[in-house]
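Here's a quick briefing to read with the sequence and the 3D view side by side. Take your time and find each piece on screen as you go.

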Amino acid sequence: MEISFFEEKLTREGRDPKRIREAYEFALKAHALQRRESGEPFINHPLQVASVLLELEADEPTIIAALLHDVVEDTELTLEDIQSKFGEEVALLVDGLTKISGLSYASKEERRVENLRKILLAMARDVRVVLIKLADRLHNMRTLSHLSQEKQKEIAKETLEIYAPLASRLGIYKLKWELEDLSFRYLEPHTYFELAKKIQKKRSERERILNEIKEVLQVALKEQGIKAEIQYRAKHLYSVHQKMERERIPFEEIYDLLAMRIIVDETHTCYEVLGLVHSLFTPIPGRLKDYIAMPKPNMYQSLHTVVIGPQGDPVEFQIRTWEMHKTAELGIAAHWRYKEGTKRDVELEQKLAWLRELLEWQKELTDSRQFMERVKVDLFSDEVLVFTPKGEVINLPQGATPIDFAYKIHTQIGNHCAGARVNGKLVPLDFKLRTGDRVEIITKQNASPSLDWLQFVRATSTKEKIKAYFRQRRREESIQTGKQLFEKYLKKFINQENIAQVFQAFNLENEDDLYLFLGQGQITPQQVLNSLKRAEEKPEVQISQEFKPSVSEAVSTEGLIMRIARCCHPLPGDEIVGYISQGKGVSIHRKGCRNLKNFPKERLIPVTWPFKKDAVHPVQISILTINQPGALKEVSGAIAEESINIREINAFPISQAFTKIKITLELNEARQLNFLIKKLNSLKVVKEVQRV
């Protein structure tokens, strides 16, 4: 494929292809020496991805970002380079697609999940990120034959579990069907090719039947003066396979391999055509679905009905307008437009409300497997559509209960839910709702959530709101406990003048934080008192006064003051070297200290430690932990078990998933530190420990 293809198509559409050409040349230069597994030039991949997006009628920034989406990940160029050349909008799209690097993960699965998390969060800010990702995955699936069989199955499984359902959730069926069929081909090749062969044999027979129906319909539509286009829609291989598995029937009992699609100009005409179809053929009861009056969450609209055809076989009809047809093919992409000087489509933002919910509940999920399972439940499961007493439609996952409904309406309604009526009848709170149910929630002021609810509620957002309620209640109880400890042990030592020192020592915001940490056991009253005592001491300790190392006799050190270097904080047991500085005596460094390379070699002197067990030395360590409640408590508890004093502690999040904790410890020797690092690394909440 050549870039000229894009230029011609964009020009026909009245769009300026100049910036697309610039992006192509930028990517071509960046990937010049790279090739794909197939041996073809790497640039073919971003070109094909951009081509898929062109078919989805994507805007200019999306196509540019598609051409550049692998530049930051696979070349020496940076996001800053892209931003300076193509602007912040394109840079943000590329950043959302760039895999997370620089962090270590316990497994390949964890890395995969964290990258998916990043894409979903970027998607919540700008859905174009996931459009590019889906196009990227589609081209990778089209060229999967060049990879090993193991890799093929791994990628196909991920595509079937995550990316195809995501395309469905966004209503982009054009991508969904191809992703599913390609995944099916690599996961179950024997079944795939056998089914394809059977369908091909039966196709001509089905087309003959549908042609008969089409001729009858065309005559009837013409008599009614209705302008319409009639199409066939062949069922995709994977959907046929799913139906066989779901209903446990052989291929010979699948009759709706082809469906009729009738496309008209106006919405009211859809209902006229529906009446006409039902007058010509006998409808099967319970098989009429009105997705026009009640659209799917992904904006899909159409009338579905199943009738008995001329040969006695079921025939499915889909009836829709041309606008609905475009949305059915392109989904979100059909509505997503960025125009200079205009705001985003407000209606579309409302349709993407589930993404905002995703942003909320995902913050609480740190376990990779748990995150993936909840994504599958909330985003990719089948849905039920139920009504409020006022007739508003509420979307819930399959298997949802009145509790899920209550929390969907409002958190406080969920927190005070005491009962429920479905279609006017009282039902238990674990009742499974069905599409079309009318739900009314009974609330009482003194009612509150039960932990038992977590056993049967379905929506992830519901579970997180219930957990949040109990976390808040435990927080309030912990604050009360901490306040009692403060009153008993600390009140007489702490006043308005020195409380700021306590806040600083433990990175606290206010008194409630202090009470909370005390009540949860994250800090002890003794640690608080120690922090006040340390604040009154001089920060610098000189070796000459407390723990002099012995110095080689070959060097004269008479009159020199020795001090521990703050840059590397050596411990007894570390290999050390002294540096003679003008007017400041000798600073003692670890031999691996990065500052030594900047010092004149003639001023470095050999020194050794004496064995003096009672001396303490400040050492800082950096700990990367999973961002979850109790992580800090678990780390500080492990340190306390070794009777090691914490001089200072600071914690700050570096992403939604991870927190970095920097701790200054008071230690006697290097062996003690090495043992502690090994112990901390064994904790489940700890990902990495480093000596600073």
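What follows is a short tour of two sheets, the helices beside them and one more helix. Keep in mind that this is a predicted model. One sheet is built from three strands in the order S10-S9-S11, and the other from four strands in the order S18-S19-S17-S20. Both are open, with antiparallel pairing.

**The three-strand sheet**

- Start with strand S9 (residues 417–422), which runs antiparallel to strand S11 (residues 439–443) and is joined to it by five bridges.
- Look along that pairing and you'll find Cys-417 opposite Thr-443, while Gly-419 has Ile-442 as its bridge partner.
- S9 also runs antiparallel to strand S10 (residues 425–427), this time with three bridges, and here Ala-420 sits opposite Val-427.
- The hairpin of S9 and S10 has two residues between the strands, and Asn-423 takes a positive phi near 55° there.
- Which strands stand at the edges? They are S10 and S11: each has a single partner strand, so one side of each has no neighbour in the sheet.
- On average, neighbouring strands here are turned by 35° against each other, ignoring direction.
- Helix H19 (residues 402–409) packs on this sheet and touches S9, S10 and S11, with its direction at about 80° to that of S11.
- A handy thing to know about strands: in a regular one, the side chains alternate between the two faces of the sheet.

**A closer look at Ile-442**

- You'll find Ile-442 in strand S11.
- Is Ile-442 buried or exposed? Neither label fits, because its relative accessible area is 22%, and that makes Ile-442 partly exposed; the cut-off for buried is under 20%.
- Ile-442 and Ala-418 are 24 residues apart in sequence, yet their C-alpha atoms are 5.6 Å apart in space.
- Leaving out residues up to four places away in sequence, Ile-442 touches His-416, Cys-417, Ala-418, Gly-419, Ala-420, Arg-421 and Leu-426.

**The four-strand sheet**

- The edge strands are S18 (645–653) and S20 (686–691), and each of them pairs on one side only.
- Neighbouring strands of this sheet are turned by 20° against each other on average, again ignoring direction.
- Inside the sheet, strand S17 (residues 617–626) and strand S19 (residues 658–667) pair in the antiparallel sense over ten bridges.
- One spot to find in that pairing is Pro-618, which stands opposite Glu-666 in S19.
- Helix H26 (residues 631–641) lies across S17, S18, S19 and S20, running at about 20° to S19.

**Two helices side by side**

- H26 also packs with helix H27 (residues 670–681) at an angle of about 145°, and their axes are 10 Å apart.
- If you're checking the handedness, the crossing of H26 and H27 is right-handed.
- Which residues of H26 and H27 meet? Val-635, Ala-638, Ile-639 and Glu-641 in H26 meet Leu-676, Lys-679 and Leu-680 in H27.
- Sorted by class, that contact has five nonpolar, no polar and two charged residues.

**One more helix: H9**

- Helix H9 (residues 128–142) has 15 residues and reaches 21 Å from its first C-alpha to its last, close to the 21 Å expected at 1.5 Å a residue.
- How many residues of H9 are buried? The count is 13 of 15, and H9 is mostly covered.

Conventions:
Residues numbered from 1 in each chain as written. Predicted model: local features only at pLDDT ≥ 70, side-chain atom pairs only at ≥ 80, totals over all residues. Heavy atoms only, no water. Pairing = 2+ DSSP bridges. Expected span 1.5 Å × (residues − 1). Buried < 20%, exposed > 50% of the residue type's maximum accessible area, 1.4 Å probe, protein only. Axes fitted to C-alpha atoms, helices over the stretch in contact; angles between N-to-C directions. Contact = heavy atoms within 4.5 Å. Left-handed = near helix turned anticlockwise from the far one by under 90°. Nonpolar A, V, L, I, M, F, W, Y, C, P; charged D, E, K, R; others polar.
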